[in-house]
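Reader: Hi! Could you walk me through this one while I have it open?

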Amino acid sequence: MIIFRYLAREVLTSMFAVSLVLLMIIISARFVNYLAEAAAGELDAGILLTLMAYRLPAYLELILPLGLFIGILFAYGRLYLDSEMTVLHACGMSQARLVVYTTVSSLVVAIVVGVFSLYLGPEGVRASESLLAEQRSRTDFETLKPARFHALDSGTGTSYAESISADKKQLRNVFMAKVSPIDPSMALDQAQQSELDLSVVTADSGETVIDPDSGRKYLLLKNGRRYIGIPGHVDYRVVSFSHYSQMLPEPDYAVKAKRFTDGLTTSKLLEQSTNEARAALQWRFSMPVLVMVVGFLAVPLSRTQPRQGRYAKMLPAVVLYMLYLVCVNAARGVIEEGNEPVPGILWLVHGAFFGFGLILLADKRFIFRRSKKASEKGATA
């Protein structure tokens, strides 16, 4: 039990450190993307931390298996490098017992990953997508900041408001300018037809209203003027108004396309019989299995000689893990498309890599026994 606690502490400590580094890298990259959208006015900066918290379980679902895999390689690699593992084997700890100890540690991580995969991850994805959809459904005027110029209609217009109410509905001292192609029906010469029409609107106040019949949003400006003309010409038209209503364009961005099944609860997936639901359900149940398989694979891959160094097998091991993950993801895609060559292809992938781990483990035993017999023969001679 003392040896088990020692090995488990080494593995879990290394896993925690590796997972924390990977999590910081992924969160930083994702946060930069969200921050860019917030700077462009597509997201409210106040929801970024909430958004990242919602996405955290889905990130950990993929990070923890890799963290465990690299953690075992680090922990056991150090033990082999410092000859501690050799001492443990000399004291009677077999390779099979090492696999059992590692499996127990992997089982704890698999249970945590299962909770993320089956429950917390889908809930977080659904909450984050709902929050993103709400943010991206806002109009350009609901993303304005006071006393700053903002681009409208994909850069064809500019707006400015001296002050804005907290609910983003009331604007004070509004300025809007927009350029657009000139109407061909206007009686203008060819030189003027190639120019752009400039429309400038100023108003004392403005507010966003919703038409009860159509549900469309409008900007209602009060007490202002509208200037229409061609830059460089003096024949501007000036219109004074007490009320001026302008329909607000729909946002030209939408929620990024994702698998719609990612936000469904596991119970709802069980009720559906579509290929997408089957693939998502098998993916969620396979994540804890992936943890157990990579934990098993890491045991023979971590075996190193003192002269090789701790990181001698790190690169091929990580390549093997990435190949494993790609194969699992490809199997999910095949199930979603309904083109399964054999039933249960996702579980066959897990079985294939588990079998590869058995081959590696048996090969290590064979090499160990062969070298031991050779040394015994040399001593006898």
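Author: Happy to. A disulfide here is a pair of cysteine sulfur atoms within 2.5 Å. Keep in mind that this is a predicted model.

Reader: Okay, so how many disulfides does the structure hold?

Author: Zero.

Reader: And the cysteines, is C91 buried or exposed?

Author: C91 is exposed, at a relative accessible area of 66%. C327 is partly exposed, with 25%.

Reader: Switching to helices: how do α2 and α7 cross?

Author: The axes of α2 (residues 48-81) and α7 (residues 275-301) come within 9 Å and cross at roughly 10°. Angles under 35 degrees count as roughly parallel, so α2 is roughly parallel to α7.

Reader: Nice. Which residues meet there?

Author: On the α2 side they include L62, F69 and Y76, and on the α7 side W283, M287 and L290 are among them. By class, the contact has 16 nonpolar residues, one polar and one charged.

Reader: What about aromatic pairs, how many are there?

Author: The structure holds five. One of them joins F296 and F354, with ring centres 4.8 Å apart and planes at 35°, so that pair is tilted. F296 sits in helix α7 and F354 in helix α9 (residues 345-380), 58 residues apart. F296 is buried at 10% relative accessible area, while F354 is partly exposed at 37%.

Reader: How are the rings of Y324 and F353 arranged?

Author: That pair is stacked, because the planes are at 20°; the centres are 4.4 Å apart. The pair links helix α8 (residues 314-337), home of Y324, to F353 in helix α9, 29 residues apart.

Reader: Are those two buried or exposed?

Author: Y324 is buried, with a relative accessible area of 1%, and F353 is buried too, with 9%.

Terms used: Residues numbered from 1 in each chain as written. Predicted model: local features only at pLDDT ≥ 70, side-chain atom pairs only at ≥ 80, totals over all residues. Heavy atoms only, no water. Buried < 20%, exposed > 50% of the residue type's maximum accessible area, 1.4 Å probe, protein only. Axes fitted to C-alpha atoms, helices over the stretch in contact; angles between N-to-C directions. Helix = DSSP H or I, 4+ residues; strand = E, 2+ residues; numbered from the N terminus. Parallel < 35°, antiparallel > 145°, perpendicular 65-115°, else oblique. Contact = heavy atoms within 4.5 Å. Nonpolar A, V, L, I, M, F, W, Y, C, P; charged D, E, K, R; others polar. Phe/Tyr/Trp six-rings, centres within 6.5 Å; stacked < 30°, edge-to-face > 60°.
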